[in-house]
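The following exercises are to be worked with the sequence and the model at hand. Each task is followed by a solution in steps.

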Amino acid sequence: MVAAPRMAPAVESGTLEIRVAAGDDDAEELANRFLDVASSDLELTVELSAQTVGIRFRDLGIPAGATITTAWIQFTADETGSAPTALTLRAENVGDATAFAGSGAITRRPLTTAAVSWSPPPWPAVGEAGAAQRTPDLAPVLQAVVARADWAAGNDLAVIVTGSGTRTAESFEGSAIRAPHLHVEWTAGPASSTKTGGTTTTSTTTTTPATTTTTTTTTTTTTTTTTTTTTTTTTPATTTTTTTTTTIASTTTTAPAPPSGIRDIAVATGSDDVEQIANGWIYAGSSDLELVVDAGTQTIGLRFTEVPIPRGATITAAWVQFTVDETSTAPAALRIHLHDTASAPPFAGNSGVSNRPATASVTWTPDPWPVPGTSGPAQRTPSLAPLVQTVVGRADWSPGGALAVVVTGTGTRTATAFEASLPPRLHVEWSTGSTPSTTTTVPTTTTTTTTTVPTTTTVPAGPSTRIAVIGDYGSGNAREGQVADMIDAAGVDAVVTTGDNVYASTGFDRLVGRYYHEWIGDYSGIYGIGSFRNRFFPSLGNHDYIDVGLAGYLEFFTLPGDGVASLGTSGNERYYDARLGDLHLFILNSQPEEPDGLTPTSIQGVWLRRALAASTAEWKVVVFHNPPYSSIPGKTAQWMQWPFAAWGADLVLNGDAHVYERLEVAGFDYVISGLGINNSPTPSPFHSASRVFYSADDAGALFITACRGAMELEYRALVAGIVDTHTIGTGSCP
């Protein structure tokens with residue numbers, strides 16, 4: 001007798017999203033077993049030679065014996081890469097993975113027999129974090145670990161990557177909010193099944209290809225097909241008419257999915273997850289977030305920066321993921337809205353969370369949170385897609401803006417904050433194309449007219465290089481550290497200075513290495529491990545000579561540094577060149593102590609003219625301390641008014657004047673980024689060439705993004721935010 005079908009009992013399940021949480025949790029081990037835990041990127045796996053990469057994820061709330069149904073790691077591209085690459089991913093075969101430390105710390109670990117191969121497609125654009133940067137399903141690898149007898153919920157897990165070729169991903173040091181993150185889905189019980197007699201069929205999820213169906217119907221159809229393609233040329237229209245009699249199979253085809261993106265963005269600073277109490281006072285230093293009742297009812301503000309969604313994109317999914325800090329099971333009723341603005345500023349001032357214009361809201365009645373450290377579906381908000389859609393659909397929204405989420409309501413759910421190293425994360429998915437279409441071809445006797453119309457193409461921008469420019473900054477105070485944190489969060493490729501790197505005799509390590517050691521190649525200071533290749537390019541200022549001296553500068557820096565592309569023709573480190581992708585830097589010494597001269601016909605001047613002519617980079621930027629033009633009295637350095645434009649330069653960067661100023665002289669741009677330690681007193685510009693002028697007690701940095709067709713400038717201050725944006729060229733960068 002055949003038994004009636006029955007369903008197995010419902011099973012407990014969970015989903016985790018866990019990002020690398022510390023610099024020593026994503027590491028590279030070189031062939032000589034040297035362990036680099038401070039690199040700003042992860043070469044998977046060949047840099048100068050093949051290396052082994054280790055990635056450790058902490059506090060996985062997966063119960064012992066769980067069944068892993070889906071798992072993958074999402075990377076973010078730090079550099080472009082298209083050469084063939086073959087990678088193998090395994091896990092460390094232990095119940096609780098320890099931190100990476102010491103020589104051979106990755107390769108000496110026992111590995112799972114289970115392995116997953118990955119041949120990633122090309123990574124054409126820096127900053128991408130989509131399907132091409134996502135590993136295949138790692139469920140078999142993780143299953144081998146959580147099935148161990150010594151595995152327990154809350155343990156740590158390490159994934160080890162070996163192979164050939166190179167794909168370069170962001171690391172924690174390069175950008176904490178773009179560090180690798182692990183997605184895991186699991187069940188704690190048996191999969192649902194249908195039992196008939198002695199046969200059990202287990203349900204699975206399968207993606208099937210498009211189907212093909214053959215029919216016997218014959219019809220006569222006249223079809224007109226118009227093809228419009230964006231190309232680089234314009235051609236006259238042509239028409240071709242062909243009559244054929246054909247019997248073919250009926251085929252249903254689904255067009256490729258439209259361009260899309262997916263990003264997990266963590267709160268990046270302690271001031272971006274805050275609690276506003278009833279009197280309007282904002283507290284930004286707590287290690288947890290009470291949603292929303294603590295001593296009294298409060299308003300929670302969460303700010304997510306560098307959101308890369310294109311304007312007008314269609315938001316397909318969005319939510320905020322919290323992590324439990326304290327057990328909370330009493331009823332709670334929360335309401336969530338977004339700040340309705342083009343880019344949400346930091347939380348500041350009395351009632352600086354609650355007084356913002358609001359989008360529509362969604363309600364959330366969260367389930368109990370019984371276990372600290374849990375970060376699963378119960379800690380995930382309902383869909384915020386309609387709210388995010390409102391913001392990115394604004395005419396003034398631009399990719400890279402900030403989104404602010406505001407939570408009000410009653411009851412309490414206590415989540416971890418940035419200060420506890422487990423900040424809230426915004427997950428967002430979007431599409432920038434139309435809905436995929438379905439086309440059916442039937443057996444026909446056809447007369448087909450094909451028309452090719454004149455077409456025009458806009459060539460897309462290529463991969464971009466991004467740098468931060470600071471000047472007159474070397475004070476060693478907290479504000480210098482805040483600018484360094486802003487630069488670190490921006491995920492730039494290099495830091496460039498316009499001089500006056502120190503303002504005291506305590507030395508370059510105390511005033512520069514303290515905040516920028518992870519960018520400096522051949523670093524030998526006391527604050528940590530430097531960069532595997534140099535990514536810090538300073539120029540000399542008068543205080544570098546006065547307060548420490550040229551010998552101290554040359555001893556501390558190695559310029560342009562190991563691993564840096566350079567013409568290498570200057571023969572010294574006082575002035576030099578460094579090429580970063582499409583951007584070529586030419587660092588000069590404008591100080592009177594320079595033995596090779598300060599005139600266009602001097603040794604230094606002739607070197608620059610020849611070096612600019614020899615460069616094949618699209619963008620050529622000259623950097624030195626003393627500005628040829630300035631609105632600050634006494635700061636115009638006429639001796640540096642060289643014919644930069646005629647020699648082929650595209651931009652000149654300077655410091656010395658403690659302001660941000662952009663000037664245009666005979667159609668050529670000069671930018672002063674010298675607002676590091678304090679501001680010059682002039683309240684307004686007086687130079688006729690001045691286009692943008694900012695003088696305030698407010699430090700900042702100039703960010704430059706260079707790609708094929710454009711060089712985009714953005715000056716950002718700690719308090720004022722974005723002060724100036726300017727584009728050189730006719731294109732735009734991704």
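**Exercise 1. The cysteine pair**

Is C733 buried or exposed? Determine also which residue C733 is bonded to, and which parts of the chain are thereby tied together.

*Solution.* The model is a predicted one.

Step 1. A residue counts as buried when its relative accessible area is under 20%. The relative accessibility of C733 is 13%, so C733 is buried.

Step 2. C733 forms a disulfide with C707, with an S to S distance of 2.2 Å. The count of disulfides comes to one.

Step 3. The angle about the S-S bond is -95°, and the link of C707 and C733 is left-handed. C707 belongs to strand β41 (residues 700–707), whereas C733 is in the segment after β43 (721–729), so the bond ties together parts that are 26 residues apart in sequence.

Step 4. The partner is checked against the cut-off of Step 1: C707 has a relative accessible area of 0% and is therefore buried.

**Exercise 2. Strand β24 and its partners**

Establish how many residues of β24 are buried, and identify the strands that pair with β24.

*Solution.*

Step 1. Strand β24 covers residues 333–339, and five of these seven residues are buried.

Step 2. On one side of the pairing list stands β26 (residues 401–410), which is joined to β24 by six bridges in the antiparallel sense. Within this pairing, H337 has V406 of β26 as its bridge partner.

Step 3. The pairing of β24 with β25 (residues 358–364) is antiparallel as well, with five bridges. Here I336 is matched with V362 of β25.

Step 4. A general point may be kept in mind when viewing the strand: in a regular strand, side chains alternate between the two faces of the sheet.

**Exercise 3. The second largest pocket**

Describe the volume and the lining of the second largest pocket.

*Solution.*

Step 1. The space in the second largest pocket amounts to about 580 Å³.

Step 2. Its lining consists of 31 residues; nearest the centre lie E79, D493, R533, L580 and G581.

Step 3. Three strands, β4 (41–45), β10 (166–170) and β34 (576–580), each contribute at least two lining residues. The largest contribution is that of β10, with three.

Step 4. Sorted by class, the lining has eleven charged, eleven polar and nine nonpolar residues.

**Exercise 4. Backbone geometry**

Locate two cis peptide bonds and two residues other than glycine with positive phi.

*Solution.*

Step 1. One cis peptide bond, with omega of about 0°, lies between L44 and T45. T45 is part of strand β4, and β4 is one of the strands that supply residues to the lining of the second largest pocket.

Step 2. Another cis peptide bond, also with omega of about 0°, joins L559 to P560. P560 lies in the loop between α6 (550–556) and β34.

Step 3. D472 has phi near 55° and is placed in the loop between β31 (465–470) and α3 (478–490). With a relative accessible area of 0%, D472 is buried.

Step 4. D656 has a positive phi of about 70°. The loop that holds D656 runs between β37 (651–654) and β38 (660–665). D656 is buried, its relative accessible area being 9%.

Note on methods: Residues are numbered from 1 along each chain as its sequence is written. This is a predicted model: local features need pLDDT of at least 70, side-chain atom pairs count only at pLDDT 80 or more; totals for chains, interfaces and linings use all residues. Side-chain values use heavy atoms; hydrogens and water are left out. Buried means under 20% relative accessible area, exposed over 50%, partly exposed in between (1.4 Å probe, protein chains only). Helices (H or I, at least four residues) and strands (E, at least two) are DSSP runs, numbered from the N terminus. Two strands pair if DSSP finds at least two bridges between them. On a 1 Å grid over the protein atoms alone, a cavity is a set of points where a 1.4 Å probe fits but cannot get out, and a pocket is an open set with protein on both sides within 12 Å along at least five of seven lines; lining residues have an atom within 4 Å of a point. Grid points are joined across faces, edges and corners, and a volume is the space filled by probe spheres set on the points. Ala, Val, Leu, Ile, Met, Phe, Trp, Tyr, Cys and Pro count as nonpolar, Asp, Glu, Lys and Arg as charged, and the others, Gly among them, as polar. A disulfide is a pair of cysteine sulfur atoms within 2.5 Å.
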